[in-house]
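Hi,

Here is the structure I promised to pass on. Have a look at it first, and then read my notes below.

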Amino acid sequence: MVAVLLAVSSVCALSLGTPYVPPHRLVAAVLEGDTTLAGIVVSELRVPRLLLASVAGACLGAAGLVLQEALRNPLAVPEMLGVSSGAALGVAAPLVLAFSLPAAVQPLLAIGGAALGGGLTLLVAGIGRSPSAVLLTGAAVAAALQAALLVLMVMADQLDLQLIYRYLLGSLSARTWDDVTGLWPWLLVAAPALVLCAPVLSVLRLGDEDAEALGVRAQRARLAALAIAVVLIAPVTAVCGPVAWVGFLAPHLSRWFAPAAGAVRWLPWSAAWGAAVVVVADVPARLALAPVETPAGAWTALLGVPAGVALMRSGGRRGAAARRTTTAPPAGAAQLVHRGGPGPGGLPSPPLGTTGPEGVR
């Protein structure tokens, strides 16, 4: 289903708009070097925007699953741990303070801010404390970093304020091939780390004590998972801004469609669903109020939060029904276990396989 959704939304993203390009002309516009206005718009604007939306969604979806599995909490998302807020602060601060920095440094600033937010969360919560404490502390750290962002917005002039406001909502507007190519070095680092991290996430789900018994150092594994999430989130945030709640919705979609799978199988599906969510959200972001573009992050939050809550509730009911099915005794089990008739004085005799008080030796 996710492949069909991603394919249909990709065709819509490339075809719809001004100018409209029929689907049968897309291949020629992309591959044959069409020099018409439609060909230039498709190849130079819509294709890099589509690729950026797919890569950004995949990174955010995978990072959301890593955080949720490492902390054993379905609400552990980048927005709740100070990671996204820290990355946004790292990018917005030089803009407001008028520091002239090259564009290539922005991912480094975002990574520094994301590491600052995540590190503060772990430091204040205490690395050895429960995952719930980490999540609650992360919400407080995220609120503090957002307050710092508000202070910067008060200090900014009108032009910078508009740029920061659009950036903080998560926008794919005016993105080019340079923005896409800037993400590949970080993906080359994060992809092997994700492959190595997935089996460890399955062990962390068992709890810290069981993970230690199996030879996994839970505290170090959780720190490594947070570092991987930072590498996935920060470059995307540097380019697109914090696209909200993709890391919350994509893991729940992957679990809902494959409830019996583990983290190893959920990870690629979560990345695929994250890409589909951002690509789908970018279509109304670009066309709903045309010619004015709305931020894609507003649409992911508007559609993602209710859908995620519904998935959590339905997933909980499905899990409870499955547990009742597996734990309920089969029909007639009571009759098979207790077949004794009335004993002396009308008292029931002990069930089969047991002994009465007089039979205790």
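One definition before the rest: I count a charge as sitting over a ring if NZ of Lys or CZ of Arg is within 6 Å of the ring centre and within 35 degrees of the ring normal. Arg255 fits that description, since it lies over the face of Trp266 at 5.4 Å from the ring centre. Do keep in mind that this is a predicted model.

On to the aromatic rings. A search of the whole structure turns up three aromatic pairs. One of them is formed by Trp245 and Phe248, with 5.6 Å from centre to centre and 80 degrees between the planes, which makes the pair edge-to-face. The two partners differ in how much of them shows: Trp245 is partly exposed, at a relative accessible area of 26%, whereas Phe248 is buried, at 4%. Another pair is Trp256 with Phe257; their ring centres are 5.0 Å apart and their planes stand at 80 degrees, so this pair is edge-to-face as well. Here Trp256 is partly exposed with a relative accessible area of 31%, and Phe257 is partly exposed with 40%. Ring pairs also tie Trp256, Phe257 and Trp273 together into a cluster.

Trp245 deserves a second look for its backbone. It has a positive phi of about 65 degrees although it is not a glycine, and you will find it in the loop between H11 and helix H12 (246–257). Arg72 is another non-glycine residue with a positive phi, in this case near 55 degrees. Its place is in the loop between H3 and H4, and with a relative accessibility of 36% Arg72 counts as partly exposed.

While you are looking at loops, check the prolines. Where are the cis peptide bonds? One runs from Thr18 to Pro19, with omega near 5 degrees. Pro19 sits in the loop between helix H1 (2–15) and helix H2 (26–31). Another cis peptide bond joins Ala290 and Pro291, where omega is about 10 degrees. Pro291 belongs to the loop between helix H13 (263–287) and helix H14 (296–327).

Now for the helix packing. Two packed helices are described by the angle between their axes and the distance between the axes. I have two packings for you, and H4 takes part in both. Helix H4 (residues 83–96) packs with helix H11 (residues 218–240) at an angle of about 45 degrees, and the axes are 9 Å apart. H4 and H11 are therefore oblique to each other, and their crossing is right-handed. H4 also packs with helix H5 (residues 106–125), this time at about 135 degrees and with the axes 6 Å apart. That angle makes H4 and H5 oblique to each other too, and H4 passes H5 in a right-handed crossing.

There is also a contact between parts of the chain that lie well separated in sequence. Which residue does Ala62 come up against, 167 residues along the chain? The partner is Ala229, and the C-alpha atoms of the two are separated by 8.0 Å. Ala62 lies in helix H3 (residues 37–71) and is buried, with a relative accessible area of 3%.

Last, the cysteines. How many disulfides does a search of the whole structure find? The count is zero. Take Cys59: it is in no disulfide, and the nearest cysteine sulfur, that of Cys240, is 9.5 Å away. A disulfide needs two cysteine sulfur atoms within 2.5 Å, so at 9.5 Å the sulfurs of Cys59 and Cys240 do not qualify. Cys59 is also buried, with a relative accessible area of 6%. Cys197 is buried too, at 8%.

If you only open a few spots in the viewer, I would go for these: Arg255 over the face of Trp266, the cluster of Trp256, Phe257 and Trp273, and the crossing of H4 and H11.

Cheers

Conventions
Residues numbered from 1 in each chain as written. Predicted model: local features only at pLDDT ≥ 70, side-chain atom pairs only at ≥ 80, totals over all residues. Heavy atoms only, no water. Buried < 20%, exposed > 50% of the residue type's maximum accessible area, 1.4 Å probe, protein only. Phe/Tyr/Trp six-rings, centres within 6.5 Å; stacked < 30°, edge-to-face > 60°. Axes fitted to C-alpha atoms, helices over the stretch in contact; angles between N-to-C directions. Helix = DSSP H or I, 4+ residues; strand = E, 2+ residues; numbered from the N terminus. Parallel < 35°, antiparallel > 145°, perpendicular 65-115°, else oblique. Left-handed = near helix turned anticlockwise from the far one by under 90°.
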